[in-house]
Amino acid sequence: MFLTDYFVFSQPLYSITTGLIFLFVFNFLVTTIKRLFQLPPGPWGLPIIGYYPFLKDESYLQFDSLSKKYGPVYCLKLGQHDVVVICDWDHLKLAFADESLLAKPHELFFEGIIKYPSFAEMSGDDWRFHRRVSLQVLRDLGLGTSKMEEAIRREIKQFLPTIGQGKVDFFTKLLPSVSNNISILLFGHNFSYSDPYKIGLDENMDRVNQTFQFAGLSTFLPWLVKIATALGLFRVSVISKHVHAVEDLLQKEIDMHQSESRVNEIEDYIDGYLVEQKNRQNKDENDELFSMGVLRRNLTGFFAAGSDTVTSTLSWAMMYLIYNPEYQDKIRAEIADVIGFEREPVYTDRNRMPFTMAFLYETQRIGSVVAVNLLRRASRDTKIGKYNIPKDTIVIFNLWSIHRDPKIWIEPEKFDPNRYLSEDGSKAIKPPYLVPFSGGKRICLGEGLANVELFLYLVNILQKYQVRYDPSIKLSLEATFGVSRRPKHLPPLIFEKLPKF
Ligand code: HEM
């Protein structure tokens, strides 16, 4: 019997096939009509997978160049999701203020590997509760106060002597110190750099971060990830191994907190979370929301969000300091005037160090370490300017485009801290469109901590060291992009002790 005979004779199969074709054509027509009449313009993609296969690693560059063709707000299809990309300040300002753009995609990062959302992946009231509790606990612990600053200063004291020896791979050296600042907040203590627990945590976090692109895949093509998981493709088992290793290590800290008898005494984020959990259980409230799984995921989220980003920004700072050694001289002149070479820098010194602040602003603009914000979802139909954004559309803020827009920055490709200085040079003015931490109600929760870290690490380093590199190495400003955008080729750095240190 021929296959065609089978089709002729098998009425059910014939009906199913016709039904599927009909569904496919219907879906195609609905999508096309919706796109033409409801959504902003944009490029077409392939059926089912949309524009996803055309996206490159440095997606922010592609998003930017698509905006030159389709306008500042445009739409593309990624998998089954309509995705609106916002690339200019006028529309981003409106998006920051729009409460219907605070939700997150329904899918989790690493769907299939991870069971619980962290609060960075939550929407609606769940997110609101967790964000409020997290902020409350972190503020009680001293975030934004001198208590937190003192802890960072102690950590920097541990870090500084470790860079004055030979040629330094700056990113690798700095990361454990920056993540120690997160450890203080979350666990109530930092670690020595040789502590095997901390080495394991940093290494596994780094491996998870390296596979961050996979998180996009799990949002846009979750069915593909399910197939890959079943067939063991895309190194899913390796990702899973590192994700679980991180969670196991974090669980050890949680177990230690639970075994210690610190009744209602909040010394760190884990304490704060456990107390909130207990209070809710006593009131018989929805405890699923404050489960151990969510706690582990929140801890992972804080490490991922708070370590790589600050380390990458400081790596860009080092890159521009060796590229333009005259900026080291200028910052050091401010150090000499305001702090001297004996006293330890404090965060309030920034108010009298305009060039240093301008240098940090410019580093944040040109580095744009979070080039694309974490994905948002429209929780109801809304409009940004003249553009419709229907419910459940995914929304991307391409922060990179804002930071390189020639309409708001003169010569945006040029690294120039002077652009922030007042006419008489006495003040550094941060424009509203410098948005490394995004904006609105879902703005980065760690902005305050990050700003203190950036200032204190930079000023402490330049107070003690001249930063150099081997001039036979050709410098390149190329970037690599995973969780954050960082220099691809930061050369090994030489930290030469200043005579007064
Ligand atoms: C230079 C350093 C940093 C940069 C550039 C940065 C940038 C960002 C950006 C752009 C977002 C996305 C906001 C949005 O969805 O629109 C974000 C979210 C977040 N960041 Fe940061 N961040 C930095 C450091 C930190 C630190 C140190 C912490 C930890 C305390 C942290 C914790 C978070 C959290 C928890 C979120 C999710 C907030 C939520 O969903 O409500 N970040 N960050």
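**Group meeting: a ligand shell, a core and some loops**

Let me start with Ser368, which sits in the loop between α15 (354-367) and β4 (376-377). Before I go on, please keep in mind that this is a predicted model. The phi angle of Ser368 is near 35°, a positive value in a residue other than glycine. As background, most residues other than glycine have a negative phi. Is Ser368 buried or exposed? Ser368 is buried, since its relative accessible area is 2%, and the cut-off for buried is under 20%.

There is another positive phi, at Glu411, with a value near 45°. Glu411 belongs to the loop between α16 and α17. Here the surroundings are of another kind: Glu411 counts as exposed because its relative accessibility is 51%, and exposed means over 50%.

I will stay with that loop for a moment. Arg404 is also found between α16 and α17. Arg404 is a charged residue, and it is buried, at a relative accessible area of 12%. What does Arg404 touch, leaving aside its neighbours within four places in sequence? The contacts are Arg365, Ile366, Trp409, Pro412, Glu413 and Arg485.

Cys444 is in the loop between α16 (399-403) and α17 too, and that takes us to the ligand. Which protein atom is a donor to the iron atom of the ligand? There is a single one, the SG atom of Cys444, 2.3 Å away.

Now the rest of the ligand shell. There are 25 residues around the ligand, and those that come nearest are Trp127, Arg131, Arg376, Ser438 and Cys444. Three of these put a polar side-chain atom close to a ligand oxygen. For Ser438 the distance to an oxygen atom of the ligand is 2.5 Å. For Arg376 it is 2.7 Å. For Trp127 it is 2.9 Å. Turning to secondary structure, the elements that give two or more residues to the shell are α5 (124-140), α13 and α17 (447-464). Helix α13 supplies the largest share, 6 residues. By class, the shell has 16 nonpolar, 6 polar and 3 charged residues.

Helix α13 comes up again in the core. The largest nonpolar core has 120 residues, and α13 gives the largest share of this core, 15 residues. Which residues have the most contacts inside that core? They are Phe170, Met318, Phe359, Leu458 and Phe495.

I will take two of them in turn. Met318 lies in α13, which spans residues 292-323. Met318 counts as buried because its relative accessibility is 0%. Neighbours within four places in sequence aside, Met318 is in contact with Phe170, Leu458, Ile461, Val467, Leu490, Leu493 and Phe495. To give an idea of the separation along the chain, Met318 and Pro491 are 173 residues apart, yet their C-alpha atoms are separated by 9.8 Å.

Next is Leu458. Not counting residues up to four places away in sequence, Leu458 touches Leu314, Ala317, Met318, Leu321, Ile331, Thr356, Phe359 and Leu360. Met318 and Phe359 on that list are, like Leu458, among the core residues with the most contacts.

Last, there is a second, separate core of 19 residues, which includes Trp89, Ala378, Tyr387 and Phe397.

To go back over the main items: Cys444 is the single protein donor to the iron atom, and α13 gives the largest share both of the ligand shell and of the largest nonpolar core. That is what I had.

Methods
Residues are numbered from 1 along each chain as its sequence is written. This is a predicted model: local features need pLDDT of at least 70, side-chain atom pairs count only at pLDDT 80 or more; totals for chains, interfaces and linings use all residues. Side-chain values use heavy atoms; hydrogens and water are left out. Helices (H or I, at least four residues) and strands (E, at least two) are DSSP runs, numbered from the N terminus. Buried means under 20% relative accessible area, exposed over 50%, partly exposed in between (1.4 Å probe, protein chains only). Contact means heavy atoms within 4.5 Å. A residue is near a molecule or strand if one of its heavy atoms lies within 4 Å of it. A polar contact is a pair of N or O atoms within 3.5 Å; within protein, one must be able to donate a hydrogen and the other to accept it, and residues adjacent in sequence count only if both atoms are side-chain atoms. A nonpolar core is a set of buried Ala, Val, Leu, Ile, Met, Phe, Trp, Tyr and Cys residues joined through side-chain atoms within 4.5 Å. Donors are N, O and S atoms within 2.8 Å of the metal (3.2 Å for Na, K and Ca); water is not among the atoms, so sites may look incomplete.
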